[in-house]
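Work through the exercises below with the sequence and the 3D structure at hand. Each task is followed by a solution in steps.

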Amino acid sequence: MLKKLIKSNLRRPFAGIAMVLFAAALTVALCYLHQTGEEERKSYEASFASTPVFFKITDFDGSAVKDADGIAGWMAELFTEDGLTPNLAPFVGELHVRVAFPEAQYGRDTVTVTGITSTRMAEELTAGWGGSIAWLEGYDEEVFLTDEWVCVLPAALEGTESVTLTFNYVIPSDRMPPKTVSHTQSFSVVGYYTDPGNSRFYVPYPAMEWLYAKLGASKLIEGIGAILKDNNDLPALREEMSYWFASPNPAGEKTPWGKFDFDYYFYALDIDDNLLNTLTADMQSRLLLNRFAATAVLLMAAGASFLTGFFVIRSRKRELSLMRTLGASQKEIFLELFLEQGVRVLLGIFAGGWFFRWQAVVQLSLFCGISLAGLALALAIFLRANLLSTMKEDD
Amino acid sequence: MSISLKNVSYSYKGKFQTVKAVNGVSYDFEAGKCYAIIGKSGSGKTTLLSLMAGLDLPTEGEILVNGKPTAEWNRNQMRRDEVSVIYQNYNLFPLLTVQENIRYPLDLKGMPRKEAVALAKEVRGRVELPENYDKRLPAHLSGGEQQRVAIARTLAQGCKIILADEPTGNLDTATTMNVVEILRSLAHNDGCTVIIVTHDPAVAELSDVVLQMRDGKWV
């Protein structure tokens with residue numbers, strides 16, 4: 001049987017090679033789609049895990065709270081385990097904070113100095129950030145976690161080696177006249193950023209913490225972003241927070257919330273997961289496209305197998321009729337041709353699968369099954385036809 | 001070994017209407033004789049021959065092969081062991097050598113390779129083809145040689161009923177006579193029932209019995 005099979009394939013080398021190459025090409029297409037799908041899925045999983053979710057305490061209508069000084073406390077409480085207040089800490093893997101000092105003096109200019117823990121916070125909390133940072137040699141964004149007196153300036157100030165800033169803070173008081181506290185600090189420049197419309201000076205977050213403490217000022221926390229330990233926990237986190245905070249409602253009405261009978265906190269908590277949603281939606285559409293393409297290739301493979309089988313058999317119709325007139329049973333003809341063609345399909349699939357290191361075993365098995373089923377169907381259609389009619393058609 | 005037609009009719013659906021290709025034909029073919037069925041194109045002679053070969057069943061009546069209706073035969077088995085057909089066009093497998101073509105029905109019967117090769121060589125000799133033809137492909141043979149290979153295959157098959165549909169259709173006169181002579185000798189010397197469908201009056205003349213068909217009936 002094996003000898004016969006090899007012989008029959010060798011008799012039609014070109015048809016055989018064409019069939020093998022065809023099956024191999026479809027296999028490669030399937031494997032390639034599978035591979036790109038897997039890569040996208042992995043990259044999505046990595047991005048999903050590292051995408052921050054932003055938290056902001058707002059008024060009930062979602063606008064910034066007027067009592068800005070109090071916010072720092074509220075925000076801080078969210079991330080501390082004190083057993084009394086709502087606590088995000090168990091969910092948080094990495095925390096990014098951005099604080100701003102809006103009126104620092106740089107020479108005659110007033111600039112906003114922003115303390116950040118990572119450029120990510122600068123980028124993702126700054127609407128329309130379209131810039132990049134050119135670091136001076138020996139520095140990178142790790143510097144934002146140190147307590148060094150360094151800063152990153154807008155590209156317009158390129159060439160400046162250091163800046164001296166004066167921080168003036170007015171301490172309000174009901175009984176006494178307001179008191180102004182000042183501190184002057186020099187910063188070495190470690191990089192320049194390009195970002196149209198943005199002119200902040202970025203410094204390490206610990207440096208800003210120190211300055212606020214020195215001035216006795218209330219921190220102006222612009223935002224807190226967290227990379228959750230597992231972004232899949234976000235629904236659970238939302239539910240937990242919904243016991244303590246209302247959600248911002250643009251209509252301005254207080255929405256009922258909480259497990260208590262009274263309004264526990266007088267603010268809303270805005271959990272901004274837009275980045276995550278955008279990423280997920282984008283990836284879902286890409287994965288869907290990939291799946292669609294893979295299904296299309298599979299269907300194409302099925303159709304192609306059927307048509308190839310059909311045309312190969314049709315081209316050998318006379319030969320098959322002769323086999324039948326000589327007494328070969330339908331089963332014998334089916335087996336002979338199925339094996340002959342099937343071996344070619346399998347060789348093609350094997351070659352394509354080997355090339356891609358057997359990455360898409362399930363898809364390849366499916367492809368293999370569909371191809372062979374297509375071939376079997378084409379053969380069955382021919383063999384079920386009335387022999388006399390077939391021969392009359394050919395005459 | 002005989003073949004009998006009992007009021008055989010066969011109709012099939014054509015493009016626009018049902019065609020009655022064979023219409024109530026009866027006849028008893030005897031062993032040891034060479035028959036010629038003649039008639040114009042479309043008279044039903046090839047269809048009748050195909051029915052006798054068991055390619056399909058009559059729509060009415062019956063065909064008895066060795067006394068048993070074709071409907072009751074395992075028709076693959078019948079074509080393997082009892083009835084052999086030689087066609088004008090459907091003769092040889094183009095990618096098999098002469099010897100492999102002759103051996104094909106023997107392989108179907110499950111004959112051991114050595115025996116099959118020996119028998120193939122013997123029958124190839126009987127149709128007067130030289131030994132070096134064994135490895136040739138049909139494309140390298142003339143029409144007459146191809147037809148002789150087909151006859152050799154029939155001989156190897158060992159069937160006692162031989163049906164030939166225009167076996168000399170593409171051959172020159174000398175080769176035609178040669179092929180008919182081989183078929184006649186199969187009838188007369190080997191006791192086969194040979195039925196030849198032909199347009200050629202010369203072939204008909206060499207047959208023992210000539211039957212003429214028109215519109216699916218004997219004339």
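Helices here are DSSP runs of H or I with at least four residues, numbered from the N terminus. The model is a predicted one.

**Exercise 1.** Place A:F355 in its secondary structure element, and decide whether A:F355 is buried or exposed.

Solution.
- Step 1: A:F355 belongs to helix α9 of chain A, and this helix covers residues 330-355.
- Step 2: The relative accessible area of A:F355 is 55%.
- Step 3: Exposed means over 50%, so A:F355 is exposed.

**Exercise 2.** Which residues make up the nonpolar surface patch that includes A:F355, and which helix gives the largest share?

Solution.
- Step 1: The patch consists of A:F350, A:W354, A:F355, A:W358 and A:V361, and its area is about 580 Å².
- Step 2: Helix α9 of chain A supplies the largest share, three residues.

**Exercise 3.** Classify A:C31 and A:C151 as buried or exposed, and state how many disulfides the structure has.

Solution.
- Step 1: A relative accessible area under 20% counts as buried.
- Step 2: A:C31 has 0% and is therefore buried; A:C151 has 1% and is therefore buried.
- Step 3: A disulfide is a covalent bond between the sulfur atoms of two cysteines. The search over all chains finds zero disulfides.

**Exercise 4.** Describe chain A as a whole.

Solution.
- Step 1: Chain A contains 11 helices and 10 strands.
- Step 2: It has 395 residues, and 44% of them count as buried.
- Step 3: The accessible surface of chain A is about 20,500 Å², with 59% belonging to carbon and sulfur atoms.
- Step 4: Of the contacts in chain A between residues at least 6 apart in sequence, 75% link residues at least 24 apart.

How values were computed: Residues are numbered from 1 along each chain as its sequence is written. Chains are lettered from A and ligands numbered from 1 in the order in which they are written. This is a predicted model: local features need pLDDT of at least 70, side-chain atom pairs count only at pLDDT 80 or more; totals for chains, interfaces and linings use all residues. Side-chain values use heavy atoms; hydrogens and water are left out. Helices (H or I, at least four residues) and strands (E, at least two) are DSSP runs, numbered from the N terminus. Buried means under 20% relative accessible area, exposed over 50%, partly exposed in between (1.4 Å probe, protein chains only). Contact means heavy atoms within 4.5 Å. Accessible areas come from the Shrake-Rupley method with a 1.4 Å probe; for residues, only the protein chains shown count as cover. A disulfide is a pair of cysteine sulfur atoms within 2.5 Å. Patches are made of residues with over 30% relative accessible area and no salt bridge: like charges are joined within 9 Å, nonpolar side chains (Val, Leu, Ile, Met, Phe, Trp, Tyr) within 5 Å. A salt bridge is a side-chain nitrogen of Lys or Arg within 4 Å of a carboxyl oxygen of Asp or Glu.
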